[in-house]
Amino acid sequence: GLMVVIIMIVTVQQTAVTLVRERDQGTGEQMAVSPLRRGELMIGKLLPWTILAFLDVVAIVAVGIGILGVPLRGDPVVLAVAAALFVFACLGLGLVISALAPSVDTASITALLLAFLPSFLLSGFAFALDQIPVVLQWVASAFPARYMVTVSRAVFLKGAGWSEALPEVLSLAVYALVVLMLATLLHSRRSR
């Protein structure tokens, strides 16, 4: 669960703040007139945070298994696929925030509110989801951390494979796709 909180904060916060800071400093406009296509430019902006998030996943899993002795009973491929989808969902959320936030301060506060609080309180990490009010359970389903905590617990502790984790992995895939499409739409409107 802690892996989910760390990755969500790093990816959402840093993506949102970095892109808004670039917009404020005018470097985004300078890059827009370069021969790079928009897709290449966006990949270049997101690649460092993607690599950092994947390195975080590997380091946290290694520390959990090697130092803390957390057993990895399930399929590591399920965990890897879910983690990749989770990272893309979080990056997309950071992109949405960067497209909507008018300033770096607003992006930072919004990212913290949307990354830390839901990933800590509404993901099942701090409180069991079946023990919180139904309304908050619905709110929790609007954040990718809820699905990733379920997958990581199932794979690490319950020995889950594809059949057990498939609903959450598919939810992460849909979430990542929707939020990345929304971010693309918002950024293309903002650039016009």
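In this predicted model, the structure holds one aromatic pair. The rings of Phe54 and Phe88 make up this pair, and because their centres are 6.2 Å apart while their planes stand at 85°, the arrangement is edge-to-face. The pair links distant parts of the chain, since Phe54 belongs to helix α3 (residues 38-66) and Phe88 to helix α4, with their positions 34 residues apart in the numbering. Phe54 has a relative accessibility of 29% and therefore counts as partly exposed, and Phe88, with a relative accessible area of 33%, is partly exposed as well.

Phe88 also leads to another part of the fold, because Ala176 touches Leu85, Phe88 and Ala89, when residues up to four places away in sequence are not counted. Ala176 lies in helix α8 (residues 162-191), and its relative accessibility of 5% is under 20%, so Ala176 counts as buried. Along the chain, Ala176 and Leu186 are ten residues apart, and their C-alpha atoms are separated by 15 Å.

The packing of helices can be followed through α7 (residues 144-157), whose axis comes within 10 Å of the axis of α4 (residues 76-100) and within 9 Å of the axis of α1 (residues 2-25). The table sets out these two crossings.

| Helices | Axes come within | Crossing angle | Handedness |
|---|---|---|---|
| α4 and α7 | 10 Å | roughly 165° | left-handed |
| α1 and α7 | 9 Å | roughly 145° | right-handed |

How are α4 and α7 oriented to each other, roughly parallel or roughly antiparallel? With their axes crossing at roughly 165°, an angle over 145 degrees, α4 and α7 are therefore roughly antiparallel to each other. On the side of α4, the residues that meet α7 are Val78, Leu79, Ala82, Ala83, Phe86, Ala89 and Cys90, and on the side of α7 they are Pro144, Ala145, Met148, Val151, Ser152, Val155 and Phe156. Sorted by class, the contact of α4 with α7 has 13 nonpolar residues, one polar residue and no charged ones. Ala89, one of the residues of α4 in this contact, is also among the residues that Ala176 touches.

The axes of α1 and α7 cross at roughly 145°, and α1 passes α7 in a right-handed crossing. Here Met3, Val4 and Met8 of α1 make contact with Pro144, Ala145, Met148, Val149 and Ser152 of α7, and the residues involved divide into seven nonpolar, one polar and no charged. Pro144, Ala145, Met148 and Ser152 are among the residues of α7 that meet α4, and they also take part in the contact with α1.

Methods:
Residues numbered from 1 in each chain as written. Predicted model: local features only at pLDDT ≥ 70, side-chain atom pairs only at ≥ 80, totals over all residues. Heavy atoms only, no water. Axes fitted to C-alpha atoms, helices over the stretch in contact; angles between N-to-C directions. Helix = DSSP H or I, 4+ residues; strand = E, 2+ residues; numbered from the N terminus. Parallel < 35°, antiparallel > 145°, perpendicular 65-115°, else oblique. Left-handed = near helix turned anticlockwise from the far one by under 90°. Contact = heavy atoms within 4.5 Å. Nonpolar A, V, L, I, M, F, W, Y, C, P; charged D, E, K, R; others polar. Buried < 20%, exposed > 50% of the residue type's maximum accessible area, 1.4 Å probe, protein only. Phe/Tyr/Trp six-rings, centres within 6.5 Å; stacked < 30°, edge-to-face > 60°.
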